[in-house]
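Visitor: I'd like to ask why things carry the labels they do here. Could you show me the model?

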Amino acid sequence: MRWLEGGPVEATRTLVWLHAFPLSAEMWQPQLDAAPEGWRVVAPDLAGFGGTVDHDGRPEIDDFARDVDELVLYLGLRRFVLGGLSMGGYAAFAYLRLHAERVMGVILADTKSGADTPVAREGRQKMLDVVSTSGVAAIADEMVPKLLGTTTQRDDQGVVLHVRNLIEANGAEGVSRGIQRLRDRPDSTPDLARIVVPALVIVGEEDGITPVTEARAIAGAIRESTLAVLPRAGHLANLERPEPFNTAVGKWLLEI
Ligand code: MLT
């Protein structure tokens, strides 16, 4: 497993960020570079992405949760804040099912709690066909316009190119197994009421994959939640609008 670090390793509190599909821990660079005061920030590559090898056998979202748990035990973290964006949010739900007792707060960014609908599952099958016939570059062609908000696509070609490069750095097999994990993940909606730690729900106002309505539903179902809607950001809100994203996180961390 490969992971990236930000902030001082000796910090007493740790924030673990789980990345979106089909990216890698590198999407968290703006958060690693601006670690909140007193916090260590850890961002692993999930199985099959970046520098982390995948498992054998049938891929499931729980693989991510088990790997994260091995990492936190290895790092000696007793309790930590867990944050995930989109697929990283699905992985965070899986982790909470496995080891909620280790989580002192949760950040759910641009994600949703429901399982794939039948139509979404069909879309996953088409995507699996695209990876196997045309490779990861074709997935980047398809995904980049969906991952980024209209403002970023119009005004920030640097971010557009960066996201494309992060996607294209992944291998076809990892991406393909990632799609299967997304497709087969369970419905986490019933778990929301079981979250008893503070939760920050963040969403880009221009997010077309997991829109503001999804974020509102998640925040509404969690007992102690704060919702932050970021203007001029799409699905990859942390990369598109790092400053307001980091401000929302930093402010919330001071309160928990
Ligand atoms: C992601 O950003 O992780 C994916 O778009 C999530 C999904 O496709 O369900």
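Guide: Let's begin with a term: a polar contact is a pair of N or O atoms within 3.5 Å (within protein, one must be able to donate a hydrogen and the other to accept it, and residues adjacent in sequence count only if both atoms are side-chain atoms). Bear in mind that this is a predicted model, where local features need pLDDT of at least 70 and side-chain atom pairs 80 or more, while totals for chains, interfaces and linings use all residues. Residues are numbered from 1 along each chain as its sequence is written, and side-chain values use heavy atoms, with hydrogens and water left out.

Visitor: What makes Ser86 a polar contact of the ligand?

Guide: An N or O atom in the Ser86 side chain is 2.9 Å from a ligand oxygen, so the pair falls within 3.5 Å. A polar side-chain atom of Tyr90 also qualifies, at 2.6 Å from an oxygen of the ligand, and so does a polar backbone atom of Phe21, at 2.8 Å.

Visitor: Which residues surround the ligand?

Guide: Ala20, Phe21, Ser86, Met87, Tyr90, Arg124, Met143, Leu147, Ile209 and His235; being near means having a heavy atom within 4 Å. They divide into seven nonpolar, two polar and one charged, where Ala, Val, Leu, Ile, Met, Phe, Trp, Tyr, Cys and Pro count as nonpolar, Asp, Glu, Lys and Arg as charged, and the others, Gly among them, as polar.

Visitor: What is odd about the backbone at Ser86 and Phe21?

Guide: Phi of Ser86 is near 55°, a positive value in a residue other than glycine. Phe21 is joined to Pro22 by a cis peptide bond, with omega about -5°.

Visitor: Why is the pairing of Asp63 and Arg66 called a salt bridge?

Guide: The term needs a side-chain nitrogen of Lys or Arg within 4 Å of a carboxyl oxygen of Asp or Glu; Asp63 and Arg66 have N to O at 3.0 Å, so they pass. They are three residues apart in helix α2 (residues 61–74), which means about one helical turn separates them; helices are DSSP runs (H or I, at least four residues), as are strands (E, at least two), numbered from the N terminus. The whole structure has 20 salt bridges.
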